[in-house]
Amino acid sequence: MTHPDQSRQQQHKNSGRFITIFYFAITSLLVSSSSSSTMRSRSSFITTSNVIKQRNNAITNNMAKITPFFTSWTTPSKSASSSSTILFESFTSSSKSNQSTNHEEKQGTATTNNNSKNKEARIKALHTKLTTTFNINATLLSTASLTSITSTSGYNPSFGKSAIKAYQSYLKASALSSTTEDVEKASIRTARQIDFLIKQHKSAEASWIRHLDDTTKSRTNFPIILVLDNVRSAFNVGSIFRTADATGVSFVYTTGITPHPKGNGREKVAKVALGAERVVPTRHFDSTKEVVDFLRRGEEGGKKWTLVGMETTDRSLDYTSLSYPGGVVEGNAITTTTSSSSSSSSPEEEETPPIPNHDKGGTVLFLGNEVSGVDTDILQELDHVVEIPMFGSKNSLNVA
């Protein structure tokens, strides 16, 4: 059997012979044509030497004309082997590409099958958790999910929009193709979320449960003021404002580094207070000493404030053993003027913060930093120090 390279070499030799013969044939024709033309254009008196010279010049000119043509034919034959090699490599590469494509298609089909199996396993795990742990009809939930997509009837009111969307998100999770995902953890986490969202939906739909603030209801304020002495956490401050509104506190004064509704940390305070920071009058002082002096000055008009610190010390009293002035008795509730507290966007701009109006005195309760408590220098200037008895191992409660 002849080797492909030997066959190609023989073809190149044959092509070379053909081109050589063709070259001499064209040259002879051009020379003959040139000679005839020259002979006709000359007179009969031209000597034989001139004719020979003219013929030689014609051959030279024709050679110059035919050489590029000859080169264009011979050059491809010299590179034919290289072209054949390139063509063969191109064919081989195409074949390998087709094989790779077929392999990828097979892998894609296998991946799709694995994804389908993973999805079925995820659905089964979630349905099991919903049914056995939370007593939720998983089949009805699945039907409600499908109906919300394929019809215009909206979301099933038995489950609510949020729960159905959580179910759908679980099925569309990008982790479907992951073989390392812990399906057990994912299913119980989603089942808890769906259970909560269903309960939240039912609570919102129940007309006999109050979820919104009564904007027509006015606040009843009692002669109590809270002073937050360098409380660090904005979330604690927000919680204190929420409690202050619920218990009828007249004012909340913040001092030092304490976040406050009209300054540093207002966003975090508002996140926990949920609007209570807007209805409870408040002022901020640079130091707790300023608050003490401010309240003491108010005694000149007969407005007696008893300053009480909430702190665990050796001389602290049980908070239930102290008689607080301005106690809650019938007719002793007061109305605090709040217009001045809400008129200015920056409390520091007001030179003299107002003192709540009262008839029978009141109590100012000082609450300190989460770690260091009420400033020791301030404790020396207060009328009383009280504490809440602890029956556990911790020294005190959280300030909020």
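In this predicted model, Ile 388 is partly exposed, because its relative accessible area of 33% lies in the range between the limit of under 20% for buried residues and that of over 50% for exposed ones. Ile 388 is found in the segment that follows strand β7, which spans residues 384-387. Together with Tyr 319, Tyr 324 and Leu 397, Ile 388 makes a nonpolar patch on the surface, with an area of about 360 Å².

The protein as a whole has 400 residues, of which 32% count as buried, and its secondary structure consists of 12 helices and 7 strands. About 25700 Å² of the protein is exposed, and 53% of this area is supplied by carbon and sulfur atoms. When contacts between residues at least 6 apart in sequence are considered, 80% of them join residues that are at least 24 apart.

The arrangement of the strands may be described next. An open sheet is formed by 7 strands, which follow one another in the order β3-β2-β1-β6-β4-β7-β5 and pair in the parallel sense. Strands β3 (282-285) and β5 (317-318) stand at the edges of this sheet, and each has a single partner strand, so that one side of each is left without a neighbour in the sheet. In general, the strands of a sheet pair through backbone hydrogen bonds, and this pairing may be either parallel or antiparallel.

Within the order of the sheet, β6 stands between β1 and β4. The pairing of β6 with β1 is parallel and extends over 5 bridges, and in this pairing Ile 224 stands opposite Thr 363 of β6. With strand β4, which comprises residues 305-310, β6 likewise pairs in the parallel sense over 5 bridges; here Thr 306 stands opposite Thr 363, while Trp 305 stands opposite Gly 362.

Strand β6 is mostly covered, since 6 of its 6 residues are buried, that is, have under 20% relative accessible area. The side to which they point nevertheless alternates along the strand: Gly 362, Val 364 and Phe 366 point one way, whereas Thr 363, Leu 365 and Leu 367 point the other way, and all of them are buried. Leu 365, which belongs to β6, touches Ile 225, Leu 226, Val 227, Val 308 and Met 310, when residues up to four places away in sequence are not counted. One of these residues, Met 310, is 55 residues from Leu 365 in sequence, although the two C-alpha atoms are 6.8 Å apart in space.

The interior was examined through its nonpolar residues. The largest nonpolar core has 20 residues, and those with the most contacts inside it are Leu 226, Leu 228 and Val 252. Two or more residues are given to this core by each of the elements β1 (222-229), α7 (234-247), β2 (249-255), α8 (266-273) and β6 (362-367), and the largest share, 5 residues, comes from α7. For Leu 226, the residues touched are Ile 240, Ala 244, Val 249, Phe 251, Val 252, Tyr 253 and Leu 365, again without counting residues up to four places away in sequence.

Definitions and conventions: Residues are numbered from 1 along each chain as its sequence is written. This is a predicted model: local features need pLDDT of at least 70, side-chain atom pairs count only at pLDDT 80 or more; totals for chains, interfaces and linings use all residues. Side-chain values use heavy atoms; hydrogens and water are left out. A nonpolar core is a set of buried Ala, Val, Leu, Ile, Met, Phe, Trp, Tyr and Cys residues joined through side-chain atoms within 4.5 Å. Buried means under 20% relative accessible area, exposed over 50%, partly exposed in between (1.4 Å probe, protein chains only). Helices (H or I, at least four residues) and strands (E, at least two) are DSSP runs, numbered from the N terminus. Contact means heavy atoms within 4.5 Å. Patches are made of residues with over 30% relative accessible area and no salt bridge: like charges are joined within 9 Å, nonpolar side chains (Val, Leu, Ile, Met, Phe, Trp, Tyr) within 5 Å. Accessible areas come from the Shrake-Rupley method with a 1.4 Å probe; for residues, only the protein chains shown count as cover. A salt bridge is a side-chain nitrogen of Lys or Arg within 4 Å of a carboxyl oxygen of Asp or Glu. Two strands pair if DSSP finds at least two bridges between them.
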